[in-house]
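Me: Could you take a close look at the enclosed spaces inside this one, and tell me what lines them? I'd like one connected walk-through rather than a list.

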Amino acid sequence: MIKKILIAFFVAGLLTLLWAPESGVEDGQKNPSVTVNAGAFDRRDTVVSFPLPENLRAHFYGLRDSSGRSIPLQIDARRRASFVLPDLKAGAAVSYQLMEAKAAGPRGVELRSEGKKLRLESSGRKVLDFQIGGELPSPDIKPVFLRAGYIHPVYAPSGRIVTDDYPSDHFHHHGIWAAWTSTEFEGRKPDFWNMGDSTGKVEFVGLEDTWDGPVHGGFRSRQSYIDLSGPAPKTALNETWEVRVYRVGQGEKAYSMFDLVSIQECATNSPLVLPEYRYGGVGFRGHREWKDKTKVWFLTSEGKERMEGHATRARWCHIGGLVEGQRVGIAILDHPRNFRAPQTMRIHPDDPFFNYAPSQLGRFEITPGFLYISRYRYVVSDGPPDKAEIDRLWNDYADPPKVMISFK
C-alpha cells in the first residue's frame, strides 16, 4: 500500500512537469505580472501553462490585460495555471496582471458522468466520451473482447462521430485505445492487443481524478496490462492516462482539441520487451463508414497519403472522411519528446486505422524503474484538412510560448 501511494505521488509530480513549459520567477517583488513571449511562431488561441509560484496562496486567480480585459485562469490541484492566449505575433511579448478572484469563473469545459461513461464538452459542444464500464454491443461478440478504459465516441464540432467501436472486422478496436502487440515477458509472449487470442489483456482499474473548469477539463485513469499466457494471470505493466480537453476552437474555423499522456511502468522486476513489429501503442479506429476506401483520406505532415505514408515518420497525421455525407476528420499530433520522435506510423491499407508505432524501428524495452511516456494531441474538425492550420497547432504543442512571472 505504501509503495502504491509513493508511486501515485511520483506520477502526479511527473505529470506536473510534463504539462508545464519553461518558466522563471523573479523574487523579492510584489504585484505579480505574467509575461508571455510568443517565440518563433505566431500564436492564436494558444493554451499557455505555467507553475504558480509557491508564495501565491489564494484559491482563485485571473489575468487582466493592459486594456482591463479579464482572461480566465485555471489552477489545478498541482498548482499548474493555464489560460488561452488570444493572439500574439512571432517575436512579440505581452504582459498580464495576476489578480486574485472570488471564483474560478464559468466552466468552459464540463465533465459529466453518464452511466458507464464520462462525457467532456467544450462550450456546450460534445468533444469525447471515455468508457469506464465495459459493454458488448452485440451478443454475437465473445466475452473475451469486453473492454473498458478507452475514448469513444470522439465528436467533430458538427456533432458527427469520427471514431468506431467494436467494428465487425476487429472487435478489439476501440476509438482511441492503447495496447502492445508483439511482446516478451518472463519468457512468454503475451499479446495485449489481439484479445481474441487470450494471451493478454488491458484492464481498466479505475479513475484517479476528474475535473472541469474555464480552460480545461479531464480525467486521470489507471489501466493494467495483464499477461494471461502463464500458469496464472500476472500484471506486466501499470499505466496512467491523463486526458485534457481545452476550451479552444470557438471561432469561424471551429475545432475541438484534447491531449493524451500515457505513462507506463513495469509492475514487477521483469522488463516488458517490445520486438520490432508493425503496430502497437496508442491506436485510432475511424468511423465505420470509412471502411469504404472511397470515403476516407490520410495526409501526413510530410505530404504523404495513405499508401506511401505507412512506415514513414511524421509530426502529425490527419485521418478524415465522409460521415452522413459530410466531411469530418481528426489530426493526431506526435510530441517531439516522444520516444523515437517523429515516430513511424502504421497506416492500414484497407481499414480506417492509424497508430504511431515506434516498434517499427526495432526492438526496445520498458524496464523496471523506467517510465515509458507517450504524448499525443488530437484536433477534430469539420471539412478537409488545413495543413497550415495543423502545422500552426503542432508548433503550439511542440514549442509553446515561454512564461516569466515577476513581482513589481
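Reply: Sure. Bear in mind that this is a predicted model. Counting cavities of 30 Å³ or more, you get two.

Start with the largest cavity, which holds about 60 Å³ of space. Its lining is made up of Trp180, Glu239, Ser262, Gln264, Gly280, Gly281, Val282, Tyr356, Pro358, Tyr372, Ser374 and Tyr376. Sorted by class, that lining has six nonpolar residues, five polar ones and one charged. The charged one is Glu239, because Asp, Glu, Lys and Arg are what count as charged here. As for secondary structure, β17 (255-266), β19 (281-285) and β26 (372-382) each put at least two residues into the lining. Strand β26 gives the most, with three residues.

Now for the second largest cavity, with about 50 Å³ of space. Here the lining residues are Val282, Gly283, Phe284, Ile332, Phe354, Asn355, Tyr356, Tyr376 and Tyr378. The elements giving two or more residues to this lining are β19, β24 (353-356) and β26. By class you have seven nonpolar residues, two polar and no charged ones.

Put the two linings side by side and some names turn up twice: Val282, Tyr356 and Tyr376 line the largest cavity and also the second largest one. Strands β19 and β26 likewise supply at least two residues each to the largest cavity's lining, and two or more to that of the second largest.

The linings also lead you into the nonpolar packing. In the largest nonpolar core, which has 79 residues, the members touching the most others are Ile151, Trp180, Phe258 and Phe354. Strand β16 (residues 234-246) gives the most to this core, with six residues. Another core lies apart from it, with 20 residues, including Val34, Ile71, Tyr96 and Val403. Of those four well-connected members of the largest core, Trp180 also lines the largest cavity, while Phe354 lines the second largest.

If you're after charged contacts too, the structure holds 42 salt bridges. One of them pairs Asp76 with Arg80, with the closest N and O atoms 2.5 Å apart. Asp76 is buried at 15% relative accessible area, and Arg80 is buried as well, at 1%. Both belong to a salt-bridge network whose other members are Arg78, Glu208, Asp209, Arg220, Arg222, Glu242 and Arg244. Within that network, Arg220 bridges to Glu208, closest N and O atoms 3.7 Å apart.

Definitions and conventions: Residues are numbered from 1 along each chain as its sequence is written. This is a predicted model: local features need pLDDT of at least 70, side-chain atom pairs count only at pLDDT 80 or more; totals for chains, interfaces and linings use all residues. Side-chain values use heavy atoms; hydrogens and water are left out. On a 1 Å grid over the protein atoms alone, a cavity is a set of points where a 1.4 Å probe fits but cannot get out, and a pocket is an open set with protein on both sides within 12 Å along at least five of seven lines; lining residues have an atom within 4 Å of a point. Grid points are joined across faces, edges and corners, and a volume is the space filled by probe spheres set on the points. Helices (H or I, at least four residues) and strands (E, at least two) are DSSP runs, numbered from the N terminus. A nonpolar core is a set of buried Ala, Val, Leu, Ile, Met, Phe, Trp, Tyr and Cys residues joined through side-chain atoms within 4.5 Å. Buried means under 20% relative accessible area, exposed over 50%, partly exposed in between (1.4 Å probe, protein chains only). A salt bridge is a side-chain nitrogen of Lys or Arg within 4 Å of a carboxyl oxygen of Asp or Glu.
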